[in-house]
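Ready for a walk through a protein chain? Have a look at the structure below, then follow along one piece at a time.

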Amino acid sequence: MTNLLEVRQATKRFGTFTALEDVSIQVPKGSIFGLLGPNGAGKTTLIRIINQITLPDEGSVYLDNELLNPKHIKDIGYLPEERGLYKSMKVGEQALYLAQLKGLSKTEAKERLKFWFDKFEITHWWNKKIQELSKGMAQKVQFIVTILHRPKLLIFDEPFSGFDPINANVIKDEILQLRDEGATVIFSTHRMESVEELCDHIALINKSKKILEGEVSEIKRTYKSNTFEVGLLTDDHDKIYNNLKEKFTVTPADFKVIDDQLKMKITLDNNASSNDLLRYLSERGQVMRFNEVIPGVNEIFIKTITENE
Ligand code: ADP
Ligand code: MG
């Protein structure tokens, strides 16, 4: 897979404080890349470097295998963390102005804005002043302005903060659609809720350093432990539980059931297969649940950060 963007060993200092230390990331073309990390980790600093707002003290950035330079600015759509629209300007007037700054003709800009305002059902906002909009409403306008010129790389810094769950979902669906239409997307977040459904690649940043990067499915594969969540309908809870404990690592599981089941988490050796376990269980009762335990991004995030502390 070719990378649209590569950051190579970027370091950024503010005085004696290092905000970003030797961070490299590779963002494959057509991916949705999640830049994850707690508050203050260095995500915005990295994003500002990619947008040529600040220069790194060390390291370099490549877009399409070319050293980042001013002509790349038009290739990137950037929604900053600090959203800034002119408060006293009218919504439509401002959106048109910003779209033209991105190189669209007035006619083209109008046409595209009409499409997006209709899509988001906000056409009646056109003549309102920005100061009349709520934070979430203004953010919607800014989202439209960010993507309007169809840049090949979209960078959203904490795109969901300020949105209620319904509008966060609208934005999430739009991000997926933009990816399907060929854009590459980087977004940062300190909250993990939106990550699972959205990202195919992630990088974890903690205390200015990158501590994990890769394809989400690959990372999950590395972190899973051959553990299965089992619900077994049987009359003989204690006996079966104790027998299983002799063969496998067994701990109680906690999930809701309708009838009285033996609920367990069972971890297999690496050479044992799930079929062996399933066979063993089905000889001893009615298997009601048999799920592989796959770690969530949130768990991986917390585990990796704790291990690196
Ligand atoms: P994140 O976006 O992950 O929350 P930031 O990149 O905004 O983190 O900040 C990383 C660290 O760098 C923080 O400790 C922040 O205070 C510091 N920092 C960011 N920008 C500046 C600046 N212009 N001057 C001094 N310190 C800064
Ligand atoms: Mg930030």
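Let's start with glycine 231, which touches Phe255, Gln261, Leu262, Gln286, Val287, Met288 and Arg289, leaving out residues up to four places away in sequence. Keep in mind that what you're looking at is a predicted model. You'll find glycine 231 in strand E11, which covers residues 227-233. Is glycine 231 buried or exposed? Its relative accessible area is 0%, and buried means under 20%, so glycine 231 counts as buried. Now try picking out asparagine 291 as well: glycine 231 and asparagine 291 sit 60 residues apart in sequence, yet their C-alpha atoms are 9.1 Å apart in space.

For a contrast, hop over to leucine 176, which belongs to helix H5. With a relative accessible area of 23%, leucine 176 is partly exposed. Setting aside neighbours within four places in sequence, leucine 176 is in contact with Ile32, Glu197 and Leu198. Tyrosine 280 is 104 residues from leucine 176 along the chain, and the two C-alpha atoms are 42 Å apart.

Glutamine 131 makes another handy stop. Look for it in the loop between H3 and H4. Glutamine 131 has 48% relative accessibility and counts as partly exposed. Apart from neighbours within four places in sequence, glutamine 131 is in contact with Lys87 and Ser88. Between glutamine 131 and isoleucine 186 there are 29 Å, C-alpha to C-alpha, and the two are 55 residues apart along the chain.

Next up is helix H3, residues 106-119. How far apart should its ends be? Its 14 residues, at 1.5 Å a residue, should span 20 Å, and the end C-alpha atoms are indeed 20 Å apart, so the expected span and the model agree. Which residues of H3 are buried? They are Ala109, Arg112, Leu113, Trp116 and Phe117. Looking down the axis of H3, you'd see these buried residues fall within an arc of 135°, so they line one face of the helix. Here's a bit of background: an α-helix has 3.6 residues a turn, so residues three or four places apart point the same way. The buried residues of H3 pack against helix H2 (91-101), helix H4 (135-147) and helix H5 (165-180). Turn to the face of H3 pointing away from that buried side, and you'll meet the exposed residues Thr107, Glu111 and Lys114.

Just past H3, there's a backbone detail to spot: glutamate 121 has a positive phi of about 55°. Two other residues are worth checking for the sign of phi. Asparagine 65 has a phi near 65°, a positive value in a residue that isn't glycine. It sits in the loop between strand E4 (58-63) and strand E5 (66-67). Glutamate 158 isn't a glycine either, and its phi is positive too, at about 50°. You'll find glutamate 158 in the loop between strand E7 (153-157) and H5. What about their surroundings? Asparagine 65 is exposed, with a relative accessible area of 63%, whereas glutamate 158 is buried, at 5%.

Now for helix H10, residues 297-308. You can run the length check here as well: the 12 residues of H10, at 1.5 Å each, should span 16 Å, and the end C-alpha atoms are 16 Å apart, which agrees. The buried residues in H10 are Val297, Ile300, Phe301, Thr304 and Ile305. They take up an arc of only 125° around the axis, so they end up on the same side of H10. On the other side of H10, Glu299, Thr306 and Glu307 are exposed. And what do the buried residues of H10 pack against? Strand E3 (32-36), helix H6 (195-198), strand E9 (201-206), strand E10 (209-215) and H7.

Let's finish with H7, residues 216-223, and how it meets H10. The axes of H7 and H10 come within 11 Å and cross at roughly 65°, and the crossing is left-handed. Where they meet, Val216, Ile219, Lys220 and Tyr223 come from H7, while H10 brings Val297, Ile300, Lys303 and Thr304. Sort that contact by class and you get five nonpolar, one polar and two charged residues.

Technical notes:
Residues numbered from 1 in each chain as written. Chains lettered and ligands numbered in written order. Predicted model: local features only at pLDDT ≥ 70, side-chain atom pairs only at ≥ 80, totals over all residues. Heavy atoms only, no water. Axes fitted to C-alpha atoms, helices over the stretch in contact; angles between N-to-C directions. Helix = DSSP H or I, 4+ residues; strand = E, 2+ residues; numbered from the N terminus. Left-handed = near helix turned anticlockwise from the far one by under 90°. Contact = heavy atoms within 4.5 Å. Nonpolar A, V, L, I, M, F, W, Y, C, P; charged D, E, K, R; others polar. Expected span 1.5 Å × (residues − 1). Buried < 20%, exposed > 50% of the residue type's maximum accessible area, 1.4 Å probe, protein only. Arc of directions from axis to C-beta.
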